[in-house]
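Here's a chat between a learner and a teacher about reading a protein model. Have a look at the structure first.

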Amino acid sequence: MSSHTRDQDPTEQREESNRYTASEAAGLREDAFGDGPVDRRTFLGLAAATGAALALPSTVAADEVTDDAMSDELEFVVNYSRADYAAPTVVEFADGDALAAFADEYEEPIDEDLSRAPQAVTREEPTPAAHAHLTAEEVSHVLERGGVEHMDFAPGANPFWTLEEPYADGVFPPVEEARDYISHRETDAAMSHLEETYPDRVNFQVIGHGPGHDNQYTGEDPDPRDVYVVEVTNDVRDEESFREKEKAVYLVGIHGDERQGVEAGCRIIEQAAKGEADDFNPLLDDVVLVFMFVNPDGWVVRKPQFEFVNPNTGEQVYNFQRGNASGLDTNRQYPTIGWTNPAFWPAEPEGAPEVRPGYDVGYEEVVPDALANVAHLRQYENVTFLCDYHGMFASDWFVLNLETNAPFDHDGTHELDQVNVRIGEGMDDHWGGMEAIQNDVDRVATDRYGYDPDGAPFNPEGLFNWGTIYDSIGYQVTGAFLGWAGMPEEWGGLGARTVAPEMSWANNGTYDEKEWKPYIARHQTTAYRISMREYAEMAAAENEATVVTGGKETAYLSTDELTRSSADLSHTDERPGRGGGRGQDRATEVRRRHDAVRPGPDGAASVASDERTHSLAVRLHAHGVSEGVVKVRNPAGRIVHQVDLSETDERACCMGERNHLYVPDPANGDWTVECDGEDEVDVDFVALETDEEHPDPEEVLGYTQREYVVNPMQFFEDLEPFLEDGSIDGLRVHDVRTGRLVRGRSGERRYDTFVVSHDVASDDPEYVEAIEEFVEAGGDLVLTDAGVNLLAVLDVGDAAAIGDEDLRELEVQIPNLVGRDFDHPLLTDVREIQREVWKISQVGYTTGNDSPATIVDDDAAADVGMDVAGRMEQWEGSWWDPELADAGVAAGTVAAGDAEIEVIGSILPPANQRELHPFGMADYALSFFGHTLLCNALGFEQRRYTDGELVGTYGTVR
């Protein structure tokens, strides 16, 4: 556990400027892939080229405001900002009379409606002082009145944090009394104070920095800001005690424009440090609260020193930003197992190359913030929960919790679900229901976002709900922080239970300046405090989940046919860990290109794909462009992706899911991006080329392939230790063929349930007959994934009427059930929001149509009287106007005499090795819904305990 350390002087750390000016950036729009590598100036300059961090020179107003009482920084802010910018300013007066004269003109009481902070507040001791939001004209006016001894720039929540005795009235004021959002520099001073004052309870560290925006005031180019970590626990400097305690980690502000986690976290830290947090202090003998302030670039850019310009108007914008100064989404650059998008920069500290292939810039320059976060968190033991606090725009729910993509065993799956149950109950206990805050929610929807008040009430479904990323917000990702942190420790993760809360009414467009509105911030901060409390309490509790089978003996069919290992890859050795194997002379090539798409038929940008092209990633940039439609056409001329810029919130540009397109195995020919608006947009292409099936991560990312061996049947081996009764055994095809499912010639079953998840040996008559004998003896059969194809060869019960022509293989984008019958036993205790059966990325599947599913034809299912629980659909074409390509039954029950055949068409697929996956692969990645669906199919009841008390059951013994 390290102590609080400060960075060296920035000028000693950083070399001369390597960023482009806006005019230089315009020259980056070449028409073809360059033969040479992309250097640091080019890469970091792309942010300027696309408007993500424009460094345009400001001009000083003719009537420059200057005075000996003003600090140099305030003079800069006042004179190099828009005329309407009200600078957060602290003023010290010569005497009480001067203060009183100022107060008469500027001081206001706290707004009863809490729609904004008062323009000015004052104090008399230890020196007469005021804090005010003042335009340049108002600053000049205050100076002309006289009696001013000192004026300084003072952004943040606490009005007097830059003055003598700054914390006499507390460090972080209540939301209702705050001057603004908490500032980055204010946090540094505040946490230093809390650590100094309460050294046994607070440890404050600087663990790294962001890439850094240009600082217009200091001239530092770039000027990285610090990444902060604050640890709060009793006896925080007792290293042995600290190591053994459970950790509840809170990521706050990973997206710089999503502030509610910071606002809640800072106030909890102060109150817990003082021993005044009744909801946290009793836990600190057993739990460490770790707050990570992980994206300084997106935080500080709201200040005029870090100039950000709206390219539409040429005006400065004072606004938080989603990503970092490299122009990257800070929540996509982590080294997760499974599929890695080659357009991302996965920050793996171990083995990170000094320079990434194809660039003259490395991970330390592009994603130093992410590297620091990974390296720091790996020092901790016992990270139980890690929660990443986000914000969004409108939603049916006030808060949505997103289950991470990481794989969890039975215990982890239930702990993650239970903490969500508790958060929802905590919000209901606090507010009693949505109606308690409905007026403020409806108000912010119209006040901040301009929604039609006739559409109220907003958040119509209530205070809280939870599901997977797809369940909650309709898409999936790879490279997210929580996907990494939730991975097992042996794969470089933390093994933590991870979730991302999304707070509605908390985000803003790129160029829509975010105003401080206490009336809604108080509710948002309260909701996230409840969330943080429940994570801490769950970390301190003893949690257990079990499975009750009713004494059932269960078997599953194991086979090496489902095993995938790094030795299979064309660029690796014959066996992992041995050199000189096949594929060493077949390098993967990476083609990258940044281009401009101009309006009209002659302005399109295109990239060619041929038989060597493994995949194509396209990223659109349209900063400052609010009209027009951008279309991506495949070589056949069909529109496969489209973005209507008038309907896309600005923060999504280049960092939202719709502005990304990933195409595995693209068709040969020209892929074209065109725009029918009046302004040009920018596009990045990344094409992987290889003669072999698998791209080499060392050629693409600079990382060596990690060794792995995975098999989805590991699910059953992992579940077995949680059984209260009964057993789960793995059988081979040979075991089935030789009669292991039944007891010799007695006709009695040895097992109650048999699970088959593949169609290996389905053409073996002895194997098939053995399964039929088992079913005829009353044994239940569970067929999943390709195992559903056994329906075509089994001559038992209603399955006898199903033939090959009634079964089809789909490739879906997201494996989720539609048309669900919640009364079906397979869906017992499933909630309506739950749809996604398994989470794609960590098993190697992408956001393209490549996730496998086996379905039963709807008509055939109806003809045999199949009891349908849900269907799956394969959609093709564009997301805005997709075409239904195929669909059928993916979950249901087929009668077979005294037995049942349960069907789940997609839940335990073998890993997809085709895509780039340098950090390994998961055996399986079931959602809680998928976990429950499979346990229900097995006829198991799941039980959940906290501190020995039964707190929930899921499913029933059947």
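The dialogue below goes through the overall make-up, a sheet, a helix, a loop residue and some empty spaces.

Q: Before we zoom in, what kind of model is this, and how are residues numbered?

A: It's a predicted model, where local features need pLDDT of at least 70, side-chain atom pairs count only at pLDDT 80 or more, and totals for chains, interfaces and linings use all residues. Residues are numbered from 1 along each chain as its sequence is written, and side-chain values use heavy atoms, with hydrogens and water left out.

Q: How many helices and strands does the protein have?

A: There are 23 helices and 36 strands. Both are DSSP runs, numbered from the N terminus: helices are H or I with at least four residues, strands are E with at least two. Of the 958 residues, 63% are buried, meaning under 20% relative accessible area (exposed is over 50%, partly exposed is in between; 1.4 Å probe, protein chains only). Take contacts, meaning heavy atoms within 4.5 Å, between residues at least 6 apart in sequence: 77% of them join residues at least 24 apart.

Q: How do I read a sheet, say the one with S18 in it?

A: Strands of a sheet pair through backbone hydrogen bonds, either parallel or antiparallel. Here the sheet is open, with four strands in the order S18-S25-S20-S23 and antiparallel pairing; two strands pair if DSSP finds at least two bridges between them. Strand S18 (589-597) and strand S23 (660-664) sit at the edges with a single partner strand each, so one side of each has no neighbour in the sheet. Strand S20 (613-621) pairs with S23 over five bridges, and Leu616 stands opposite Val663 in S23.

Q: And a helix? Which residues of H6 are buried?

A: An α-helix has 3.6 residues a turn, so residues three or four places apart point the same way. In helix H6 (136-145), the buried ones are Val139, Val142 and Leu143. They cover an arc of only 100° around the axis (taken from the directions from the helix axis to the C-beta atoms), which puts them on the same side of H6. They pack against helix H4 (72-79), helix H5 (96-106), strand S4 (129-134) and strand S5 (148-153). On the face turned away from that buried side you'll find the exposed Glu137 and Glu144. Just after H6, Gly146 has a positive phi of about 85°.

Q: Is Gln119 buried or exposed?

A: Gln119 counts as buried, because its relative accessibility is 19%. It lies in the loop between H5 and strand S3 (120-123). Leaving out residues up to four places away in sequence, Gln119 touches Tyr106, Glu108, His131, Ala132, His133, Leu134, Glu138 and Arg179.

Q: Where is there empty space, and what lines the second largest pocket?

A: Rolling a probe the size of a water molecule over the atoms shows where empty space is left. On a 1 Å grid over the protein atoms alone, a cavity is a set of points where a 1.4 Å probe fits but cannot get out, while a pocket is an open set with protein on both sides within 12 Å along at least five of seven lines; lining residues have an atom within 4 Å of a point. The second largest pocket holds about 730 Å³ of space, the volume being the space filled by probe spheres set on grid points joined across faces, edges and corners. It is lined by 31 residues, with Tyr85, Ala86, His133, Asp180 and Arg302 closest to its centre.
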